[in-house]
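Biologist: I should like to learn how pockets and sheets are read from a model. Please take me through the features one at a time.

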Amino acid sequence: MNVKVYVEGGGDRGELRTKCREGFSTFFRKTELAGQMPRVISCGARQKTYDKFRTALTNATNDDFIALLVDSEGPMVTGTSWLHLKNRDNWDKPPGATDDNAHLMVQCMEAWFMADKVALAEFFGTGFNEGGLPARPDIEGISKDDINNGLRMATCQCKPKGEYHKGRHSFAILGHLNPEKVFEASPSAQRLVNTLLDKASSG
């Protein structure tokens, strides 16, 4: 099975999209997906990601599995990813899609960082202040604003990397994380990789 993941992120710059692809690929390679790696397609803006996913799903063959991966941008208040996306973005589930096709980073990709603060400390080095980060272990319950504010507070004295900046740092950090720690703290991340593994193995 040819597994493809259409990911929100990377903006409009080719260099940043490359970093996005590399970050997710490095993360996936540390899981059981190694040897059955999905193809990561960095799509930039949120709406563009959905549009590209929908086109890919329409053109998919029986040998393709197409997944959408975007931030939830808020707490999950509905039963499935598609219901959440309908309520938040007014995105309809495309014809032929199932619940397996839609995945969310709850409430944003940076939530995964909160599961592995050791990796964050190693990445930023001198000046990193873990005490500035949100302390709650249920990372999917931390708001996007609290995560971003916490990252700024924790890294504002870091040298030489400097204060956290999404474009400069996020995808490199993603590749530095321990996936097992992320899965323990994020059911949605565990569901994503379980689904990709199941589809990759089915072919």
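**Pockets and sheet**

Modeller: The residues lining the second largest pocket divide into four nonpolar, six polar and three charged. Please bear in mind that this is a predicted model.

Biologist: How is such empty space found, and what volume does the second largest pocket have?

Modeller: Rolling a probe the size of a water molecule over the atoms shows where empty space is left. Here the second largest pocket has a volume of about 180 Å³. Its lining comprises 13 residues, with Met76, Thr80, Ser81, Ser188 and Arg191 nearest the centre. Two elements, β4 (102-105) and α8 (187-202), each give two or more residues to this lining; α8 gives the most, with three residues.

Biologist: Which residues lie nearest the centre of the largest pocket?

Modeller: They are Asp71, Glu110, Lys144, Lys166 and Phe171, out of 20 lining residues. The elements giving two or more residues to that lining are α5 (144-155) and α6 (166-176). The volume of the largest pocket is about 300 Å³, and its lining has six nonpolar, seven polar and seven charged residues.

Biologist: In what order do the strands of the sheet run?

Modeller: An open sheet is described by its strand order and the sense of pairing. In this model, four strands follow the order β2-β1-β3-β4, with parallel pairing. β2 (39-42) and β4 are the edge strands, each pairing on one side only. Strand β3 (residues 64-71) and β4 pair over four bridges; Leu69 has His103 in β4 as its bridge partner.

Biologist: Which helix packs on the sheet, touching β3 and β4?

Modeller: Helix α3 (residues 81-89) does, and its direction makes about 70° with that of β4.

Methods: Residues numbered from 1 in each chain as written. Predicted model: local features only at pLDDT ≥ 70, side-chain atom pairs only at ≥ 80, totals over all residues. Heavy atoms only, no water. 1 Å grid on protein atoms, 1.4 Å probe; cavity = no way out; pocket = protein on both sides within 12 Å on 5 of 7 lines; lining within 4 Å. Points joined across faces, edges and corners; volume = space filled by probe spheres on them. Nonpolar A, V, L, I, M, F, W, Y, C, P; charged D, E, K, R; others polar. Pairing = 2+ DSSP bridges. Contact = heavy atoms within 4.5 Å. Axes fitted to C-alpha atoms, helices over the stretch in contact; angles between N-to-C directions.
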